[in-house]
Amino acid sequence: MTGDWRAGFLAPRLRWVQVAKTARSRGLAALQDEHRLELAACDFTTGEVRRLGVPTDGFIDSAWVAADATSAFFLADEGGNELGHVHRVTLDDTNAIGDMTPGLPDYALRGADVSADGETLVLDIVTDEGYDLVCLPARGTPVASPRHLVRTVHEAWNCRVSADGTVATLDTTDHAPGTRRFAVTAYDTATGAVLGRLILPSPGAANAVCFSPHPGDQRVLIASQRAGDRSGVLVWDPVGDTIVELLEETAATVVPLDWSPDGRHALLCVELLSAQWLERVDLRTGERERLDLPTGSFRSPYLRTSQFGAGGSVLASHEHGMSPLRLIAWHAPSRHRVLLGGDGSPDRAGFEHVVFPSSDGTQIQGWLARPTGTGPFPAVVHCHGGPHVSVADEFTPAARAWVDHGFAYLTVNYRGSSGRGRAFEEQIHGDVGHWELEDLAAAHRWLVDEGISVGGEILINGESYGGFLVLYALGRQPELWAAGIGEVVLADWELTHHDSPLAMRRLDEMLFGGPPETHGDLYRERSPLTYVDEVRAPILLWQGSNDTRTPPGQVVAYAERLVARNHPFELHWFEGGHGFGDEGGHLAHLDRAIAFARNAVGG
Ligand SMILES: CSCC[C@H](NC=O)C(=O)N[C@@H](CO)C(=O)O
């Protein structure tokens, strides 16, 4: 029982760092301290990290630095509800803040980008009318109404804008509604005219990563996914109508991250069963070079990425299970140094990479942390949210807390997770919860077979979609789990759908094959609320009062059913949305969770 993990949890740390496109020695970071997650201006040369007094979201990217690092753009919402307006904050001493879209109703955001010439901001805003790509001046006085380029009612994410601001892209699904098999559609930012559309053969998907750094060059770096677990990198010119297939991988997954400021290289994150490393590829010759950096991870979904720095360097956003984010500048083989972050102990043992078979023989990957000694230990099986993301070897202070209290901790990249090809990711569509529970049961079996734990001492824990899996597992596999601990959980799909904004309803419709009006039986069949009377294990829940992704009403409905049965549970509310900005509050929850878990396993 050391206090070490507590300090590691609360010490100020970086959550993500962005590099400015044309001022690569400066950028924007999210700085976590005990009470909030705040935007900060960074100078990578001096190591200065200056707080801006602007809170940001702990869950999904909602802030972008201007190309010249003189300002940043962020979504200002209402108490974490992820609905609001993009504001600009200057990165000078005044930190002046202004609303960029004063004439618009509140919206959710699914992407933003600023042109390298610093003039143009594009936003992918979502209201109940649809997904709108809009374009506005990034500098000067905000315009009353931004230029509206396109509206679609089908999911559209992740907008990008060319260096000179004349071409914008949006990852669209109009060609394949109800899927996330994105196409990239390019628009003229002056007229909204479609300049080109990159659609890969079904079930392929394309995502725009960034435009060429050179004004006038309208080529876009594209991440591609194709059938048969193939992933690759393309360079697409929507104006000249050319496509260059730069590389393709079948064994691993390759994700392009950035285009170097001199235009010569792309930065790649290569992932093999969720283990990551960085490579640099020469765009003319296709020659690849693996960067000699410490083991760990270099990107996470939505928030953290590695990018090119100044002078041909790579700024690697590195972390591993027990060590917080460090920004490492890589210059050449054997020449790298830490610029920002870390906690001085990156050599502390991290997660073990483990693989075990599920019921159908599919290999499932997870990350394990366990106490020293031979065991068996009580254990926590953790389920990530998403579902279409995956957990890499990333800083997880909660894992250290569990281990310091004598628990093994196993986080599982269950079926539906990203990084294993489209078939693995899409296997849960129309069959929500089925394969995920098979894979979690396999994790349980593996912990017992390996002697790491014993059957009656394994708990299940997760957040968001992972919180859905916690409650669903407790109702469908009541014999397996000693207790359930959930954060921002989903207890009922139909109630969630009705209380959610369009941006979230489209996810449900993809998972179930349609809305509750046409697929209501499946929504009910796969909802934890339907099985609440089967639950045997005690439950601890932690829920945000302003959450628009897993809204409060459906959790209240679940809690009422537990009360009616007199079933042991605790439901704690925090003032916020879909993430904890407040690490102090998170820590208090974790303290409670560990005491609760000990009680459940008779410890
Ligand atoms: C319907 S599951 C709960 C929402 C989910 N949150 C975490 O798991 C979510 O926000 N999913 C987003 C982002 O991953 C999505 O649109 O996929």
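These are my notes on what I looked up in a predicted model of one protein chain.

**Entry 1: the whole chain**

I began with the secondary structure and found 10 helices and 36 strands in the protein chain. Next I looked up the radius of gyration, which is 23 Å. A compact globule of 603 residues would have a value near 25 Å, so the chain agrees with that expectation. The C-alpha atoms fill a box of roughly 65 × 55 × 50 Å along the principal axes.

I then checked burial and found that 62% of the 603 residues count as buried. The accessible surface comes to about 21200 Å², and carbon and sulfur atoms account for 50% of that area. For contacts between residues at least 6 apart in sequence, I noted that 55% join residues at least 24 apart. The chain carries 49 positive and 80 negative charges, and the mean positions of the two sets are 3 Å apart.

**Entry 2: S25**

I looked for S25 and found it in the loop between β1 (13-19) and β2 (26-32). Is S25 buried or exposed? Its relative accessibility is 28%, so I put it down as partly exposed. Setting aside neighbours within four places in sequence, I listed its contacts as C42, D43, F44, T45 and A310. For F44 I also noted the C-alpha distance to S25, which is 5.2 Å across a separation of 19 residues in sequence.

**Entry 3: cysteines**

A disulfide is a covalent bond between the sulfur atoms of two cysteines. How many disulfides does the count give? With a cut-off of 2.5 Å between the sulfur atoms, I got 0 disulfides. C159 is in none, and the nearest cysteine sulfur, in C135, is 9.9 Å away. C159 has 0% relative accessibility and therefore counts as buried.

I did the same for C269. The closest cysteine sulfur to that of C269 belongs to C210 at 15 Å, which is too far for a bond. C269 is buried as well, with a relative accessible area of 0%.

**Entry 4: G419**

G419 is in the loop between β32 (408-413) and α3 (422-426). Its relative accessible area is 19%; buried means under 20%, so I entered G419 as buried. Not counting residues up to four places away in sequence, G419 touches T253 and E425. I also looked up its distance to A144: the two are 275 residues apart in sequence and 41 Å apart in space, C-alpha to C-alpha.

**Entry 5: backbone exceptions**

Most residues other than glycine have a negative phi, and most peptide bonds are trans. I wrote down some places that depart from this.

Which residues does a cis peptide bond with omega of about 0 degrees join? They are G375 and P376, and P376 lies in the loop between β30 (363-369) and β31 (379-383). Another cis bond joins G386 and P387, with omega of about 5 degrees. I found P387 in the loop between β31 and α2 (397-404).

For positive phi, I noted N95, which is not a glycine and has a phi of about 50 degrees. N95 sits in the loop between β7 (84-90) and β8 (97-99), and counts as buried because its relative accessibility is 16%. S464 is not a glycine either, and has a positive phi of about 60 degrees. I located S464 in strand β33, residues 458-464. S464 is buried, with a relative accessible area of 11%.

Technical notes
Residues are numbered from 1 along each chain as its sequence is written. This is a predicted model: local features need pLDDT of at least 70, side-chain atom pairs count only at pLDDT 80 or more; totals for chains, interfaces and linings use all residues. Side-chain values use heavy atoms; hydrogens and water are left out. Helices (H or I, at least four residues) and strands (E, at least two) are DSSP runs, numbered from the N terminus. The radius of gyration is taken over C-alpha atoms; the globule rule is 2.2 Å times the number of residues to the power 0.38. Buried means under 20% relative accessible area, exposed over 50%, partly exposed in between (1.4 Å probe, protein chains only). Contact means heavy atoms within 4.5 Å. Accessible areas come from the Shrake-Rupley method with a 1.4 Å probe; for residues, only the protein chains shown count as cover. Lys and Arg count as positive and Asp and Glu as negative; His and the chain ends are not counted. The place of a charge is taken as NZ of Lys, CZ of Arg, CG of Asp or CD of Glu.
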